[in-house]
Amino acid sequence: MANIYDGAFRTILNDCRKLIIPVINEIFGETYTGEEEIQFFPNEHFISQQHEADKERITDTNFTVFGKLPKKYHIECESSLPDGKIMIRLFEYDAQIALDEGEATEKTLTLTFPNTAVLYLRTYKKTPDKMKYIIITPGGTVQYDVPIMKVQKYSLDAIFEKRLLMLIPFYIFSHEKSFPEYNRNEQELAKLKAEYQEILQRLDKMQQQGVIGAFDKQTIIELSGDVMKEIAQKYENVQKGVGDIMGGALIETEARTILNQGIKQGINQGIKQGIKQGIMQGKTQGIRETKKQTALRMLNMGKLTIEEIAECSELSVAEVEQLAGL
């Protein structure tokens, strides 16, 4: 189960990487504008073992933000009950990240540890507000905090006001305890569905304002549907009611697959036409296919007119009619 949530977290981070900036600002008190370059590094690390084969550890994130000064970050997404083991895992990751990029001379080894935090999807009584490393060395004691972001702490208004859009696929965790009531009470379920309709409306508005692009919005929606499918699998009415609204997509998002297919085809054509021109053509084709797929999903839902679907998908009325077989 946790792999679904980890996968959604890594997917939205890697495909919509600019969305991590407001989260970094919130957790670490930074003032990044969102225009900074972000460079990702390999997530796989091998931890040396004295009496056994090296263990492979896969971090959720390992990246550097290039602001006034470059800063390295490591954020883990967790849904399980807090225990001391997570601190051990975090430190293993951090130490290996530092070693991978350490600077060694004949006399000195310099290690730079990343800024580390944990994103908790579920909040328990035992969930602390922060954790702490205390490292006792022959040269003195070093200690620093590992901050924690609790997804369930953030209301929908706070998420949009602070532009923590990366949290939207996991917003459903705030309602998890109420699933039994939603599942048997249609009126209560209707309130939850209305809340997710509001999410879609707010995302549409942010796209119209140029805050996010169509691809980012589509990825958020599809991953929200995937998380919903997993977390509410025992509650058919909840899963269907909200899952239908958010698309019920897989982690390998349709939008990303179509876009990548378009780019790949464009690159192949670029062998004859010029690589740069081919890539641009591929991107254009991928985006257009994404619009068609969006229109098809809307047609299948049967809730909007041809004209409304054309406006939402940015296709012409004639193109939507053709997709509808009219």
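## Salt bridges within helices H5 and H6

In this predicted model, Glu181 is partly exposed, with a relative accessible area of 29%, and its side chain meets that of Arg184 in a salt bridge with an N to O distance of 3.0 Å. Both residues belong to helix H5, which covers residues 179-184, and they stand three residues apart there, about one turn of the helix. Arg184, with a relative accessible area of 64%, is classed as exposed; the cut-off for that class is over 50%.

A salt bridge also joins the side chains of Lys191 and Glu188, where the distance from N to O is 3.2 Å. These two residues lie in helix H6 (residues 186-208), and because they are three residues apart, about one helical turn separates Lys191 from Glu188. Lys191 counts as exposed at 54% relative accessibility, whereas Glu188 is partly exposed, its relative accessible area being 24%.

## A salt bridge between strands E9 and E10

The side chains of Lys132 and Asp145 form a salt bridge at 2.8 Å, taken from N to O. Lys132 is placed in strand E9 (residues 130-137) and Asp145 in strand E10 (residues 140-150), so this pair ties together parts that are 13 residues apart in sequence. Both partners are partly exposed, Lys132 with a relative accessibility of 41% and Asp145 with a relative accessible area of 34%.

This pair also belongs to a network of salt bridges, in which Lys130, Lys132 and Asp145 are linked. In general, side chains of opposite charge can pair when their charged atoms come close. For the model as a whole, the count comes to 13 salt bridges.

## Negative surface patch

Glu307, Glu308, Glu311 and Glu321 together form a negative patch on the surface. Helix H11, which spans residues 306-313, supplies the largest share of this patch, namely three residues.

Glu321, by contrast, is located in helix H12 (residues 317-324). Its relative accessibility is 31%, and Glu321 therefore counts as partly exposed, given that this class lies between the limits of 20% and 50%. Membership of a patch requires over 30% relative accessible area and no salt bridge, and the value of 31% for Glu321 satisfies the first of these conditions.

## Nonpolar surface patch

A nonpolar patch of about 260 Å² is present on the surface, made by Leu99, Leu109 and Leu111. One of these residues, Leu111, is found in the loop that runs between strand E7 (109-110) and strand E8 (115-120). With a relative accessible area of 33%, Leu111 is partly exposed.

## Backbone at Arg163

Most residues other than glycine have a negative phi. Arg163, however, has a phi near 60°, which is a positive value in a residue that is not glycine. The position of Arg163 is in the loop between helix H4 (156-161) and H5, and at 43% relative accessibility this arginine counts as partly exposed.

Conventions
Residues numbered from 1 in each chain as written. Predicted model: local features only at pLDDT ≥ 70, side-chain atom pairs only at ≥ 80, totals over all residues. Heavy atoms only, no water. Patch = residues over 30% accessible without salt bridge, like charges linked within 9 Å, V, L, I, M, F, W, Y side chains within 5 Å. Areas by Shrake-Rupley, 256 points an atom, 1.4 Å probe, with all protein chains shown as cover. Salt bridge = Lys/Arg side-chain N within 4 Å of Asp/Glu carboxyl O. Lys, Arg positive; Asp, Glu negative; His and termini not counted. Charge placed at Lys NZ, Arg CZ, Asp CG, Glu CD. Helix = DSSP H or I, 4+ residues; strand = E, 2+ residues; numbered from the N terminus. Buried < 20%, exposed > 50% of the residue type's maximum accessible area, 1.4 Å probe, protein only.
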